[in-house]
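Student: Could you take me through the pockets of this one, slowly? I'd like a close look at the empty space and at what surrounds it.

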Amino acid sequence: MFFEEKLIKHFFLFTIGFMLFTVIGTLSHEYGHILAARSLGYDATLHYGSMSYDNSALTDRLDTIYLKNRYAIENDLTFDKREEFDRGMKELYADDFKVLIGGPLQTIITGCIGLVILLLRRKRIHRLGMKLLDWVAVFLSLFWLREVFNLLHSVTFGIIFQEDYYFGGDEMYISEYYKWHPGTLPILSGIIGTGISVYVIFRIIPVKYRRVFILSGIIGGLTGFYVWFEILGPVLIPYN
């Protein structure tokens with residue numbers, strides 16, 4: 001058999017864990033964006049796979065100035081509200097970036113918290129085995145898998161559909177904000193995420209659970225993704 005019969009229980013528990021943490025990881029990532037938006041004073045709304053926030057007060061003000069001074073703005077000329085317009089545009093771009101970076105920061109910080117817990121408890125784990133806190137920390141540390149998945153997903157789709165670009169997600173937009181190559185952060189975060197995930201799976205998780213954990217991760221992760229994004233998510237937290 002692929003694994004011993006007594007490990008079937010662990011297989012189901014791990015699978016359920018991966019399904020739950022796929023949803024938890026998705027929603028907590030979006031809440032990272034929401035927290036950033038609300039800290040800036042914007043109303044923000046959670047959707048099952050994304051979020052939105054209302055910056056219409058700022059954009060409407062800028063649109064009004066633009067429509068009245070379009071020629072001057074497009075030709076870089078001076079006009080009465082030039083300073084107000086430039087200040088508003090800087091605020092708009094800065095706020096967009098802060099909201100953008102909130103999601104990846106939440107995911108990465110959560111993953112690092114899980115990893116730190118495991119590093120602090122690794123000797124205890126090797127001596128006494130995995131406890132509930134350790135398994136929770138494992139799933140938290142594997143929030144880094146989001147970075148790996150995003151990279152593989154975007155590159156795969158770019159190759160299959162022969163797109164002009166091979167990267168996507170928040171990390172790509174952050175790279176573009178800093179005028180880096182679009183793949184800079186997606187590749188860097190994907191490499192770091194792969195390294196952390198490999199370490200956790202092959203150095204922290206006991207050998208007897210390893211194959212079961214990997215198999216349940218593949219099944220549970222894909223199932224959780226499908227169930228949430230195609231079935232439950234659109235019903236529970238629909239787009240308005």
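Tutor: Let's start with the term itself: a pocket here is an open set of grid points with protein on both sides within 12 Å along at least five of seven lines, and a lining residue has an atom within 4 Å of a point. Keep in mind that this is a predicted model.

With that settled, the largest pocket has a volume of about 1600 Å³. Its lining takes in 47 residues, and those closest to the centre are Leu145, Arg146, Phe149, Asn150 and Phe225. Who builds the wall? Helix 1 (8-39), helix 4 (82-128), helix 6 (145-160), helix 7 (169-177), helix 8 (184-204) and helix 9 (207-236) each put in at least two residues. Helix 6 gives the largest share of that lining, with 10 residues. As for chemistry, you get 24 nonpolar residues, 18 polar and five charged.

Now slide over to the second largest pocket, at about 200 Å³. Its lining is made of His10, Leu13, Phe14, Gly17, Leu20, Phe21, Leu132, Trp135, Val136, Phe139 and Tyr209. Two elements, helix 1 and helix 5 (132-141), give two or more residues to it. Helix 1 has the largest share here, six residues. The class count for this lining is nine nonpolar, two polar and no charged residues.

Hang on to Trp135, one of the residues lining that second largest pocket, since the packing picks it up again. Trp135 also sits in the largest nonpolar core, a set of 22 residues in which Leu118, Trp135, Val138 and Phe213 touch the most other members. Helix 1, helix 4, helix 5, helix 8 and helix 9 are the elements that give two or more residues to this core. Look at what Trp135 itself touches: setting aside residues up to four places away in sequence, you'll find Phe14, Met130, Ile205, Tyr209 and Phe213. Phe14 and Tyr209 turn up in the lining of the second largest pocket as well. There's also a second, separate core of 20 residues, and among its members are Val23, Tyr48, Ile73 and Phe85.

One last stop, away from the pockets: Asn55, in the loop between strand 2 (51-54) and helix 2 (56-68). Is Asn55 buried or exposed? Asn55 counts as buried because its relative accessible area is 17%, and the cut-off for buried is under 20%. Beyond its neighbours within four places in sequence, Asn55 is in contact with Tyr42, Leu92 and Asp96.

Notes:
Residues numbered from 1 in each chain as written. Predicted model: local features only at pLDDT ≥ 70, side-chain atom pairs only at ≥ 80, totals over all residues. Heavy atoms only, no water. 1 Å grid on protein atoms, 1.4 Å probe; cavity = no way out; pocket = protein on both sides within 12 Å on 5 of 7 lines; lining within 4 Å. Points joined across faces, edges and corners; volume = space filled by probe spheres on them. Helix = DSSP H or I, 4+ residues; strand = E, 2+ residues; numbered from the N terminus. Nonpolar A, V, L, I, M, F, W, Y, C, P; charged D, E, K, R; others polar. Core = buried A, V, L, I, M, F, W, Y, C linked by side-chain atoms within 4.5 Å. Buried < 20%, exposed > 50% of the residue type's maximum accessible area, 1.4 Å probe, protein only. Contact = heavy atoms within 4.5 Å.
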